[in-house]
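Here's a quick briefing to read with the model open beside you. Have a look first, and then we'll go through it topic by topic.

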Amino acid sequence: MEMFDALLLARLQFAFTVAVHIIFPAISIGLASFLAVLEWRWLANGNRVYQDMFFFWSKIFAINFGLGVVSGVVMAYEFGTNWSGFSRFAGNITGPLLTYEVLTAFFLEAGFLGIMLFGWRRVSPRAHFFATLMVAVGTLISTFWILSSNSFMHTPQGYAIRDGRLVPVDWWLVIFNPSFPYRLAHMTIAAFIVAALIVVACGAWHLLRGRRDDPVKRSFSMGLWILLALVPLQILVGDAHGLNTREHQPAKIAAIEGLWETEKGGTSLNLFGIPDMQAEETKYALKVPHLGSLILTHSWEGEIRGLKEFPREDRPNSLIVFWSFRVMAGLGMLMLLMAVLGVVLRRGGRLYESKAFQRFTFCMGPSGLIALIAGWVTTEVGRQPWTVYGLLRTADSVSPISSQQVGVSFLILVVVYFLVFGVGVYYMLKLMAQGPQPHVEHLDDSVRPSLSNRDQFQSFN
């Protein structure tokens with residue numbers, strides 16, 4: 001019984017640390033690319049609005065990047081303290097993949113971040129822009145390796161089991177495992193959407209307070225354009241990801257849909273319901289006939305395996321993933337609505353005047369992060385009871401520690417996290433409340449860089 005309690009506490013502790021950590025890398029990934037676009041536009045046409053926006057959002061990025069680094073270190077220690085069984089079994093594969101992330105991504109980001117933040121008037125505009133690009137590329141490379149390692153845990157391939165441990169036999173197959181391309185695309189787009197929603201919400205806050213200067217309006221407008229382009233794309237990628245999950249993790253799909261019986265001739269979709277794991281039914285289910293088949297098989301009579309076809313001990317918790325998925329999908333639909341309304345108001349010339357729309361966009365600011373965490377819960381809880389799908393159970397991954405040991409460390413982490421990261425988030429929100437300041441003298445007024453004017457670049461040298 002004590003081991004079960006330790007397992008539960010270890011899972012909750014890791015879930016807590018991951019949920020806190022994932023917020024910061026997601027913002028960093030999106031903001032890094034946004035900063036690269038802003039600097040490119042500024043250098044291309046010399047418009048000081050983009051300069052003002054760059055300096056403002058670079059401050060947010062810097063604080064967020066630091067919080068992401070600190071929050072990520074803790075999880076590395078947890079692999080050794082709480083999950084030694086997993087480290088022993090899969091460390092020959094996950095260890096190198098995470099090392100590649102540090103060597104190719106973290107060093108790249110950290111090396112060029114200082115130039116991006118403090119290199120003005122010390123390097124040429126081309127060199128500074130290159131540094132900004134490298135920071136953005138570094139965040140994407142980091143995403144590549146982290147998602148490769150995590151995807152291997154969902155769809156392992158390219159391995160052999162020797163002496164009770166995983167060993168790689170084909171690194172290409174290990175890295176590019178079946179779910180990796182879909183999960184990489186889904187996560188990267190999600191990060192861009194997270195950042196765009198924050199930019200839009202910040203702009204909406206200042207529009208509601210009466211500001212109509214160019215940096216505020218441009219932030220609001222650019223964020224909405226990004227959402228209009230990426231939210232529909234994310235829906236398509238999510239659909240492809242669902243088809244891949246149905247092929248490789250059918251129990252997860254059945255749990256997400258609250259589907260217990262395999263329905264012949266077409267599967268219904270449960271729009272609403274309360275899955276009961278003990279009774280093996282979804283209570284109060286609101287069904288739409290054949291819609292499950294259309295979405296998950298792209299056919300009218302497609303068949304989806306029900307949870308009863310899987311042993312009880314191999315079933316994910318349907319109640320959790322059923323609702324976490326619907327939170328993610330529901331917020332996605334609201335994001336799409338927001339992007340479309342933005343186009344309608346833009347065409348009517350009321351984008352910056354509609355108070356109702358601005359309140360809506362402001363309230364939607366945290367929705368990207370909520371949807372991201374809900375999606376992560378769906379993915380990770382849906383993999384249970386496996387740590388490495390089909391190979392290593394979560395119960396066999398935990399370290400031989402007591403519930404008291406895990407409980408004490410969990411409590412300490414919660415207190416420290418709320419103090420440290422609470423202060424960091426508060427400071428970021430305080431900066432956002434101030435907003436980008438128009439035409440602040442960040443650099444000498446004589447410096448007006450332009451990618452089309454070589455003489456102006458030479459003034460930096």
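A charge sits over a ring if NZ of Lys or CZ of Arg is within 6 Å of the ring centre and within 35 degrees of the ring normal. By that test, the charged end of arginine 41 sits over the ring of tryptophan 40, 5.1 Å from its centre. Arginine 326 does likewise over the face of phenylalanine 322, at 3.6 Å from the ring centre.

Some ground rules: this is a predicted model, where local features need pLDDT of at least 70 and side-chain atom pairs count only at pLDDT 80 or more, while totals for chains, interfaces and linings use all residues. Residues are numbered from 1 along each chain as its sequence is written, and side-chain values use heavy atoms, with hydrogens and water left out.

**Confidence**

- The average pLDDT (the predictor's confidence in each residue, from 0 to 100) is 87 for the protein, and 94% of the residues score at least 70.
- Residues 442-461 come in below 50, and beyond near neighbours in sequence this stretch has 38 contacts in the model (contact means heavy atoms within 4.5 Å).
- Where pLDDT is low, the predicted coordinates should not be read in detail.

**Aromatic pairs**

- Rings of Phe, Tyr and Trp (its six-membered ring) pair if their centres lie within 6.5 Å; planes under 30 degrees apart count as stacked, over 60 as edge-to-face and the rest as tilted.
- This rule gives 24 aromatic pairs.
- Take phenylalanine 14 and phenylalanine 79: the ring centres are 5.6 Å apart and the planes are at 50 degrees, so this pair is tilted.
- Phenylalanine 14 is in helix 1 (residues 2-45) and phenylalanine 79 in helix 2 (residues 48-81), so the pair ties together parts 65 residues apart in sequence. Helices (H or I, at least four residues) and strands (E, at least two) are DSSP runs, numbered from the N terminus.
- Both rings belong to partly exposed residues: phenylalanine 14 has 21% relative accessibility and phenylalanine 79 has 26%. The cut-offs are under 20% relative accessible area for buried, over 50% for exposed, and partly exposed in between (1.4 Å probe, protein chains only).
- Phenylalanine 112 and phenylalanine 130 make an edge-to-face pair, 5.7 Å centre to centre with 80 degrees between the planes.
- That pair links helix 3 (residues 84-118), home of phenylalanine 112, with helix 4 (residues 125-154), home of phenylalanine 130; the two residues are 18 apart.
- Phenylalanine 112 is partly exposed at 23%, and phenylalanine 130 is partly exposed at 43%.
- Ring pairs also join Tyr100, Phe144, Trp145, Trp171, Trp172, Phe176 and Phe180 into a cluster.

**Nonpolar cores**

- A nonpolar core is a set of buried Ala, Val, Leu, Ile, Met, Phe, Trp, Tyr and Cys residues joined through side-chain atoms within 4.5 Å.
- The largest has 41 residues, and Leu31, Phe34, Leu38, Trp57 and Phe61 have the most contacts inside it.
- Helix 1, helix 2, helix 3, helix 4, helix 6 (180-208) and helix 13 (403-434) each give it two or more residues.
- Leaving aside neighbours within four places in sequence, leucine 38 touches Tyr50, Met53, Phe54, Trp57 and Met222.
- A second, separate core has 23 residues, including Leu197, Phe220, Val237 and Leu331.

**Helix 4 and serine 151**

- Helix 4 has 30 residues and spans 44 Å from first C-alpha to last, close to the expected 44 Å (1.5 Å times one less than its number of residues).
- Of its 30 residues 21 are buried, so helix 4 is largely enclosed by the rest of the structure.
- Serine 151 is in this helix and is buried, at 0% relative accessibility.
- Outside its neighbours within four places in sequence, serine 151 contacts Asn177, Ser179, Phe180 and Arg183.

**Backbone oddities**

- Most residues other than glycine have a negative phi, and most peptide bonds are trans.
- Glutamine 384 and proline 385 are joined by a cis peptide bond, with omega about 10 degrees; proline 385 is in the loop between helix 12 (367-383) and strand 5 (386-388).
- Glutamate 280 has a positive phi of about 55 degrees; this residue is in the loop between strand 3 (269-276) and strand 4 (281-288) and is buried at 18%.
- Histidine 298 has a positive phi of about 60 degrees, and is partly exposed at 47%.
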